[in-house]
Amino acid sequence: MELVVFSLLNGVLYGLLLFMLSSGLTLIFSMMGVLNFAHASLFMLGAYLAYQIGRYTGFWPGLVLAPLIVGLLGAAIERWGLRTVHRFGHVAELLFTFGLALLIEEVVQLIWGRAPVPYTVPSSLDFAAFTLFGTTYPAYKVFMVLISIGMFGLLGLVLTKTRIGLIIQAALTHPDMVAALGHNVPRVFMLVFGVGSALAGLAGVIGGFALVTSPTMARTLGPIVFVVIVVGGLGSLTGAFVASLLIGIVQTFAVAIDFSLIDLLARFGVTVTRADTFYDLWRIKLAQLAPVLPYFMLVLMLIMRPRGLMGTRET
Amino acid sequence: MSAMLEVADLHAYYGKSHILHGVTFAVGEGEIVSLLGRNGVGRSTTIKTIMGQVRPHGSVRFRGREIAGLEPHEIAHLGLGYVPEERAIFPGLTVRQNLILGEKRAGRSGRWTMEDMFELFPRLAERVDTPGGVLSGGEQQMLTICRTLMGDPDLIMVDEPTEGLSPQMVERVGGLLRRIAERGVAILLVEQKLTIALEISKRLYVMGHGRIVFEGTPAGLRANAGVRKEWLEV
Ligand SMILES: Nc1ncnc2c1ncn2[C@@H]1O[C@H](COP(=O)(O)OP(=O)(O)OP(=O)(O)O)[C@@H](O)[C@H]1O
Ligand SMILES: [Mg+2]
């Protein structure tokens with residue numbers, strides 16, 4: 001029971017973090033038709049910036065400044081990079097963002113080195129929030145959940161209740177029409193790219209101290225974010241949300257469950273011995289499979305429902 | 001009289017295929033002018049090129065100013081409205097939200113208010129909180145026209161507004177366009193069939209293979225069986 005509750009909490013937390021990344025990525029994708037390979041790199045940059053700023057000012061200013069800087073950087077990338085490359089087609093755009101991801105990784109290594117930096121939980125958040133079944137749950141995790149939910153609530157309100165939100169919604173499906181009505185669509189694109197990047201940056205700030213802040217963190221998390229938006233359905237925010245939680249929870253549970261097929265079969269009175277065929281296969285623990293599960297879900301989804309859970313676009 | 005919209009020797013391309021071969025025509029202040037022609041002759045391409053959605057080669061002047069090369073949203077701000085063939089309703093937004101996005105700036109009221117729209121087409125008032133995507137084809141057509149009017153254009157280009165509509169609905173679209181013109185908005189109407197075009201237009205152009213092949217009045221086109229047979233009837 002304890003295991004279930006805590007795994008669920010951690011799973012939801014991981015899922016929310018994934019959604020903070022995938023929501024920006026899927027918004028950018030549905031607007032511009034570009035899969036931004038550098039998205040996870042902006043996430044990493046958020047973590048490093050928060051670490052660096054934190055060394056001078058403490059954690060809290062970094063919480064605001066780091067996402068802001070990453071957001072401005074994202075807007076600049078759209079304005080002076082993607083918009084120019086756009087003329088040469090989608091392949092050029094894809095290569096551009098791919099190159100950008102490599103560039104950011106190299107620059108991060110150059111400045112902060114190959115080893116992880118000690119970006120740790122700020123002391124103001126380093127206490128136990130509550131105790132359940134005799135186990136404590138750390139305050140910083142509760143903080144991460146609150147920040148995520150607050151941010152999504154705010155974005156939801158902006159998207160559905162404000163004029164610029166309505167323009168964004170309309171531009172997602174009919175950019176040409178929105179432009180013909182007199183709205184500056186390129187500027188809307190830049191804004192969405194900037195906000196999406198800022199979200200990735202924020203995920204980095206709050207994810208950085210829960211995970212490890214190292215130059216490989218973009219490469220580790222990037223593919224999983226892609227899995228999320230494909231499984232959720234390219235371009236669907238709701239889909240990305242469901243898929244984020246799903247993958248977050250499934251992966252967290254898999255890690256927590258130290259169980260193999262042999263153990264399962266044993267429950268039904270079947271014993272598998274070394275002599276049996278595929279013994280090595282039966283022996284694999286679910287926890288060992290955890291990293292593979294998202295990709296397994298991706299393949300399965302592409303075979304059974306290529307549009308993803310809630311996608312509208314035929315891929 | 002210098003016309004409001006003057007298109008001269010306009011060429012356009014999709015990739016390597018040359019679609020418009022020097023289109024020349026004009027629309028005067030407050031006029032209803034029709035651009036007719038069979039499928040695929042380049043009528044939609046002509047207005048997309050004027051609107052800046054397709055790259056123009058040649059001259060497009062609006063109120064004396066050269067607009068070829070401007071961005072679509074800049075062209076819209078000069079007072080040119082566009083109602084596309086595919087209607088392009090924002091399906092997830094309500095009728096009211098669709099209309100609001102027609103305004104170029106929040107709350108800026110021009111010659112039209114939302115009440116005017118409901119008066120022109122009362123069905124919209126009943127369905128104001130309904131998502132645009134669930135309206136019928138005719139209602140969507142009316143909504144697209146009204147949405148463009150909310151931006152207070154001086155000239156609207158309407159691409160095949162009667163396509164796929166019932167005969168009564170076609171008549172209502174014709175009536176709506178006439179009432180819009182009475183308020184001083186010029187209309188460039190693109191049509192394939194002659195029905196409403198002959199009734200409401202002051203002048204007509206017929207296109208064939210990316211060029212203007214006839215220019216005249218409704219009476220002139222009625223009298224010219226040769227042009228109708230060669231360029232319009234199927
Ligand atoms: N996006 C595009 N890419 C390539 N060719 C196109 C494109 N859009 C239109 N065409 C071609 O350009 C020509 C003119 O198309 P246009 O849409 O202007 O015709 P139209 O006169 O509006 O007729 P209709 O609306 O009945 O199709 C057609 O031969 C069409 O196949
Ligand atoms: Mg057409």
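This is a short tour of the pockets, cavities and one surface patch of the structure above.

The model is predicted, so local features need pLDDT of at least 70 and side-chain atom pairs pLDDT 80 or more, while totals for chains, interfaces and linings use all residues. Residues are numbered from 1 along each chain as its sequence is written, chains are lettered from A in the order in which they are written, and side-chain values use heavy atoms, without hydrogens and water.

**Stop 1: the largest pocket.** Select A:H86, A:D176, A:P186, A:F189 and B:E71, the closest to the pocket centre among its 34 lining residues. The pocket holds about 1,100 Å³ of space. (On a 1 Å grid over the protein atoms alone, a pocket is an open set of points with protein on both sides within 12 Å along at least five of seven lines; a cavity is a set where a 1.4 Å probe fits but cannot get out; lining residues have an atom within 4 Å of a point.) Next, colour α3(A), which gives the largest share of the lining, five residues. Chain B contributes α2 (72-77), one of the elements with two or more lining residues. By class, the lining has 14 nonpolar, ten polar and ten charged residues.

**Stop 2: the cavities.** Two cavities of 30 Å³ or more are found in the whole structure. For the largest, with about 50 Å³ of space, select A:A180 and A:L181 together with B:A76, B:L80, B:G81, B:G102, B:K104, B:T148, B:G151 and B:P153. That lining divides into five nonpolar, four polar and one charged.

For the second largest, about 30 Å³, select A:L21, A:L25, A:H39, A:A40, A:G222, A:V225 and A:F226. Helix α9(A) gives the most to this lining, three residues, and α1 and α2 (39-57) of chain A each supply at least two. No charged residue is in this lining, which has five nonpolar and two polar.

**Stop 3: the nonpolar patch.** Move to the surface and select α12 (279-282), α13 (286-289) and α14 (293-304) of chain A, each of which gives two or more residues to the patch. The patch covers about 1,200 Å², and A:W282, A:F296 and A:M304 are among its members. (Patch residues have over 30% relative accessible area and no salt bridge, and nonpolar side chains are joined within 5 Å; a salt bridge is a side-chain nitrogen of Lys or Arg within 4 Å of a carboxyl oxygen of Asp or Glu.) The most residues, five, come from α14(A). Finish on A:F278, in the loop between α11 (261-267) and α12 of chain A. A:F278 counts as exposed because its relative accessibility is 58% (exposed means over 50%, with a 1.4 Å probe and protein chains only).

Note on methods: Points joined across faces, edges and corners; volume = space filled by probe spheres on them. Helix = DSSP H or I, 4+ residues; strand = E, 2+ residues; numbered from the N terminus. Nonpolar A, V, L, I, M, F, W, Y, C, P; charged D, E, K, R; others polar. Patch = residues over 30% accessible without salt bridge, like charges linked within 9 Å, V, L, I, M, F, W, Y side chains within 5 Å. Areas by Shrake-Rupley, 256 points an atom, 1.4 Å probe, with all protein chains shown as cover. Buried < 20%, exposed > 50% of the residue type's maximum accessible area, 1.4 Å probe, protein only.
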